[in-house]
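Subject: Structure for you to look at

Hello,

Here is the structure I said I would pass on. Please open it beside this message and check each point as you read.

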Amino acid sequence: VYAGGVSGQSNSNTTGCDNSGSVIIEEFKASSTSSVAIEAKFYVAGIIGYSNGTITGSNNAGTIRARGVYAYSGGVAGYNAGTLSQCSNIGNIMAITTSTGSGEYSYGYSGGIAGYSTNSIFNSVYAEGDIETRAINVGGIVGQYVTTSVTIVCIEDVISKVNINAYTDVVGGLVGLLNIPMDIIDPDKQT
């Protein structure tokens, strides 16, 4: 499920978009009498829920709320595989991952700018507000940042004034979890 204040999903460039409305996604149940949630992935953000493009000069002031088995939530992008430049979020984020039905909690990613990013660039971004979450990885700028190349790691000129209230053990002021394969960091330690 893709939900954004501007667009749920985008594979192109987004420039100069602002959102001040709330974006709220709640989990689906198998039936009205069931307590088992359907295991859907929720990509929720103030600008683009799932982005494979560039987002420039876009700002969110709305509240983001995601509740589901798998939740990717961010002020600008829930999932990002592109460039985020000159963007800001001053909205609050609430992301709750729920039980898969087997009693185990699933996963989620929450960040002031992006919930989850892969091979992305963050340049001149600003985040403030509150993040309240049960997500697995939480950061003031990005919850989890994954890269396949050190040359792609680019987080520069970022400011986070986010207050994080998280029920997890992976929390960072800027990045919750930075995931760089060991063979990239040290070529002598190939697996």
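Below is what was found in it, arranged by topic.

Please keep in mind that this is a predicted model.

Strands that pair

A good place to begin is strand E10, which covers residues 64-68. One face of E10 is covered and is made of Ile64, Ala66 and Gly68. The other face, with Arg65 and Arg67, is uncovered.

E10 has a partner in strand E5 (residues 23-25); the two run parallel and are joined by three bridges. Within this pairing, Ile24 stands opposite Arg65.

E10 also pairs with strand E15, residues 93-97, again in parallel, and here there are five bridges. If you follow E10 across to E15, you will find Ala66 opposite Ala95 and Arg65 opposite Met94.

E15 itself is mostly covered, with four of its five residues buried. From E15 you can go on to strand E18, which runs parallel to E15 and is joined to it by three bridges. Ile93 has Ile131 of E18 as its bridge partner.

The nonpolar cores

Which residues touch the most other members of the largest nonpolar core? They are Ile55, Leu84, Ile113, Phe122 and Val125, in a core of 30 residues. Several strands supply at least two residues each to this core: E5, E6 (41-45), E10, E18 (121-133), E20 (142-146) and E21 (154-166). The largest share is that of E18, with four residues.

There is also a second, separate core of seven residues, and Tyr50, Tyr72, Tyr116 and Val146 are among them.

Leu84 is a useful residue to select in the viewer. Leaving out residues up to four places away in sequence, Leu84 touches Ile55, Val76, Ile113, Ala114, Ile121, Phe122, Asn123 and Val125.

Thr133 and Gly139

Thr133 is in strand E18. Is Thr133 buried or exposed? Its relative accessible area is 0%, so Thr133 is buried. A polar atom of the Thr133 side chain lies 2.8 Å from the backbone oxygen of Ala95. Ala95 is also one of the residues that Thr133 touches, the others being Ser110, Val138, Asn165, Ala166 and Tyr167, when residues up to four places away in sequence are not counted.

Gly139 belongs to strand E19, residues 137-139. Gly139 counts as buried because its relative accessibility is 0%. With residues up to four places away in sequence set aside, the contacts of Gly139 are Ser110, Gly111, Gly112, Ile131, Ile164, Gly172, Gly173, Leu174, Val175 and Gly176. Gly139 and Tyr116 are 23 residues apart along the chain, and their C-alpha atoms are separated by 9.7 Å.

Cysteines

How many disulfides does the count give? The count comes to zero. A disulfide is a covalent bond between the sulfur atoms of two cysteines. For Cys17, the closest cysteine sulfur is that of Cys87, and at 9.5 Å this is too far for a bond. The cut-off used here is 2.5 Å between the two sulfur atoms. Seen from the other side, Cys87 is in no disulfide either, since its nearest cysteine sulfur, in Cys17, is 9.5 Å away. Cys87 counts as buried, with a relative accessibility of 3%.

Two backbone angles

Most residues other than glycine have a negative phi. Two residues to look at with this in mind are Gln86 and Ser124.

Gln86 is not a glycine, yet its phi is positive, about 55°. Gln86 sits in the loop between strand E13 (83-85) and strand E14 (88-89).

Ser124 is not a glycine either, and it has a positive phi of about 55°. Ser124 is in strand E18. At 25% relative accessibility, Ser124 counts as partly exposed.

A suggested order for looking: begin with E10 and its covered and uncovered faces, go on to Leu84 and its contacts, and then find the side chain of Thr133 beside the backbone oxygen of Ala95, 2.8 Å away.

Regards

Methods:
Residues are numbered from 1 along each chain as its sequence is written. This is a predicted model: local features need pLDDT of at least 70, side-chain atom pairs count only at pLDDT 80 or more; totals for chains, interfaces and linings use all residues. Side-chain values use heavy atoms; hydrogens and water are left out. Buried means under 20% relative accessible area, exposed over 50%, partly exposed in between (1.4 Å probe, protein chains only). Contact means heavy atoms within 4.5 Å. Two strands pair if DSSP finds at least two bridges between them. A nonpolar core is a set of buried Ala, Val, Leu, Ile, Met, Phe, Trp, Tyr and Cys residues joined through side-chain atoms within 4.5 Å. A polar contact is a pair of N or O atoms within 3.5 Å; within protein, one must be able to donate a hydrogen and the other to accept it, and residues adjacent in sequence count only if both atoms are side-chain atoms.
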